[in-house]
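Let's take a walk through this model together, starting at one annotated spot and working into the interior.

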Amino acid sequence: MPESPRRSVAFIGSECYPFVKTGGLGDVMYALPRELVKQNCDVRVILPRYACIRQQYQDKMVYRGEFYMDLGRTGRNYYVGIMEYVCDGVVYDFIDNQEFFSAGNPYISLVDDIPKYCFFSKAALAALNFMNWIPDIIHCHDWQAALVPVYLRTLFHDSPVGRAKTVLTIHNLRFQGIYNIPTIQYWSGLPDEVFNMGALKQGYEDANMLKGGLAYADRITTVSGTYAQEIQTGEYGEQLEEHLRYHSYKLRGIVNGIDYEMWNPKTDAALAVNYDADDVLKRKKENKLALQKELGLEQDEEKLVLGLISRLTNQKGLDLFNAIIPQVMDGNTQIVVLGTGDKQYEDTFRYYENTYHGMFSACIQYDEARAHRIYAGADALLVPSRFEPCGLTQLNAMHYGTLPIVRETGGLKDTVEPYNVYTGSGNGFTFDRYDAGLLLDAINRAKTTYFTERANWDQVVQRDMAKDVSWENSAKQYKNLYLELTQW
């Protein structure tokens, strides 16, 4: 095959591992650019220089220049510094401004975040002009960067960067950047014509930054094919379903991958014992015993260990899980929960840890290394989400030989094929309607296979480990989308 044509791409978003990460967006902003470099793309990632970025990265940033930029109707010029960090062929440019980015966390509250991301979206485009690095594609992510396509087609239309094409990716439609029109007009300085019902306007008096970006972007992507369909319905559309149906001709679903350097049981330093598809059946038991010992669970390699690694929120289907825990705890099953979130779930899981001492572990914390050990030591992973745009936990689980038990929604449906007891095909266990009884049924089907058809279970484990869930295939689809937008 001839080498794919070269394209330059600027990624603009609010977080990126390892600098700052609160969720899946940070993983995508890290892994996808690195994979695109391998596919003959010239990639820059533009991020805010938050004060919370660890000093080890701050110290390696190189000053690239500074300028002043007007912002909205403030009547002021604001400092824009550019600090650069290069790693693995990707250039990271950090937009520096103490006034907007000195808080300890990337997201504070809408009243603080609206001005911050109006500034960031405009400054990112101005920085590209300042550096005279004009990309073919500007790839923006979520509502924090959704004004970029709007700025590009209005205030930056006649500047060098104005020739770029834009892609806007929806990672989670629930968050949209909605505030009253006067505030967003004041901070953005965008012309009146963008505040109409076809673009930013929502309801009588609000502006919706994500809605505006969707209207002005050349292409819209979201992180799985099923989620791309779901968000055009009233159940999942978060009040934007009609807008998305109108723009459906430019909407694509491309499922995420996982970073094999970060997630690889053969080289993972966090594990008790490393393994691959050849020795998983023996080594996984050793990781299970080590996990049971670490968490104070009864050490028994024959028990079925169910893992749950999640933000503890309603979206993740935890109300279904809570309703059936007593029925799951049958003396042969152990449950390990890792995550933080709503107090009601944190308290409930602590209660069950006390009730089922030695059989239930509630790790109410965010611990990346422990997450790796749970993927390696658990037999199955629960992802019973109400909705899930893509989901990475089920991909991590499969790559570590842990069978996913998921609800058929979004990316979970696209990546987990239900196990067929007659043919032996499939790579996990699924249920469709959002119902606690159906979740219990899926768990019981998994138990039956584990305890009575272990040879079949082991085959699925090895099949899952052999499955390609890396970023390579997804990055090819993004590259093809870029080429489709820039045909010359």
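**From a binding site to the core**

A good place to start is Lys-21, which an unreviewed UniProt entry lists under "binding site". Keep in mind as we go that this is a predicted model. Where does Lys-21 lie? You'll find Lys-21 in the loop between strand S1 (7-12) and helix H1 (24-38). Its relative accessible area is 30%, so Lys-21 counts as partly exposed; buried would need a value under 20%, and exposed one over 50%.

Now look at what surrounds that lysine. Setting aside residues up to four places away in sequence, Lys-21 touches Glu-15, Gly-26, Asp-27, Tyr-366 and Glu-368. One of these, Asp-27, also makes a polar contact with Lys-21, side chain to side chain, at 3.1 Å.

Step along into helix H1 and you come to Tyr-30. Is Tyr-30 buried or exposed? Tyr-30 has a relative accessible area of 13%, so this tyrosine counts as buried. Not counting residues up to four places away in sequence, Tyr-30 touches Cys-16, Tyr-17, Pro-18, Tyr-92, Asp-259 and Met-262. The side chain of Tyr-30 also has a polar partner in the side chain of Arg-34, with 3.2 Å between them. For a sense of scale, try Tyr-30 against Leu-271: they are 241 residues apart in sequence, and their C-alpha atoms are 23 Å apart in space.

Tyr-92 came up among the contacts of Tyr-30, and it's worth following. The largest nonpolar core has 164 residues, and Tyr-92 is among those with the most contacts inside it, together with Phe-119, Ile-138 and Phe-349. Which helix gives the most to this core? That is helix H4 (residues 110-131), with 12 residues. Leaving aside neighbours within four places in sequence, Tyr-92 itself is in contact with Cys-16, Phe-19, Tyr-30, Val-45, Leu-47, Met-83, Glu-84, Tyr-85 and Cys-87.

Next, the aromatic rings. A ring pair is described by how far apart the centres are and by the angle between the planes. How many aromatic pairs does the model have? The count comes to 33. Take Tyr-151 and Phe-156: they pair edge-to-face, with 6.4 Å centre to centre and 90° between the planes. Both Tyr-151 and Phe-156 are buried.

Phe-321 and Phe-349 give you a tilted pair, 6.1 Å centre to centre with 45° between the planes. This pair links distant parts of the chain, 28 residues apart: Phe-321 belongs to helix H11 (residues 318-328) and Phe-349 to helix H12 (residues 343-355). Phe-321 counts as buried because its relative accessibility is 0%. Phe-349 also has a relative accessible area of 0%, so it is buried.

There's an aromatic cluster to find as well, formed by Tyr-50, Tyr-78, Phe-100, Phe-101, Phe-119, Tyr-186 and Trp-187. Phe-119 is also among the residues with the most contacts inside the core. Another cluster member, Tyr-78, has the charged end of Arg-76 sitting over its ring, 4.2 Å from the ring centre. You can see another such arrangement at Tyr-450, where the charged end of Arg-454 sits over the ring, 3.8 Å from its centre.

One more residue deserves a stop: Thr-333, in strand S14 (residues 333-338). Thr-333 counts as buried because its relative accessibility is 0%. Which side chains make polar contacts with the side chain of Thr-333? Asp-330 does so at 2.9 Å, and Lys-447 at 3.4 Å. Beyond four places in sequence, Thr-333 touches Leu-304, Leu-306, Val-328, Met-359 and Lys-447.

Finally, zoom out to the annotated domains. The unreviewed UniProt entry lists residues 9-245 for "domain: Starch synthase catalytic". That stretch, residues 9-245, is 33% helix and 26% strand, and its end C-alpha atoms are 27 Å apart. For "domain: Glycosyl transferase family", the unreviewed UniProt entry lists residues 299-456. Residues 299-456 are 42% helix and 18% strand, with 24 Å between the end C-alpha atoms.

Conventions. Residues numbered from 1 in each chain as written. Predicted model: local features only at pLDDT ≥ 70, side-chain atom pairs only at ≥ 80, totals over all residues. Heavy atoms only, no water. UniProt positions renumbered as here; feature names shortened; annotations may be inferred. Helix = DSSP H or I, 4+ residues; strand = E, 2+ residues; numbered from the N terminus. Buried < 20%, exposed > 50% of the residue type's maximum accessible area, 1.4 Å probe, protein only. Contact = heavy atoms within 4.5 Å. Polar contact = N/O pair within 3.5 Å; in protein donor to acceptor, adjacent residues only side chain to side chain. Phe/Tyr/Trp six-rings, centres within 6.5 Å; stacked < 30°, edge-to-face > 60°. Lys NZ or Arg CZ within 6 Å of the ring centre and 35° of its normal. Core = buried A, V, L, I, M, F, W, Y, C linked by side-chain atoms within 4.5 Å.
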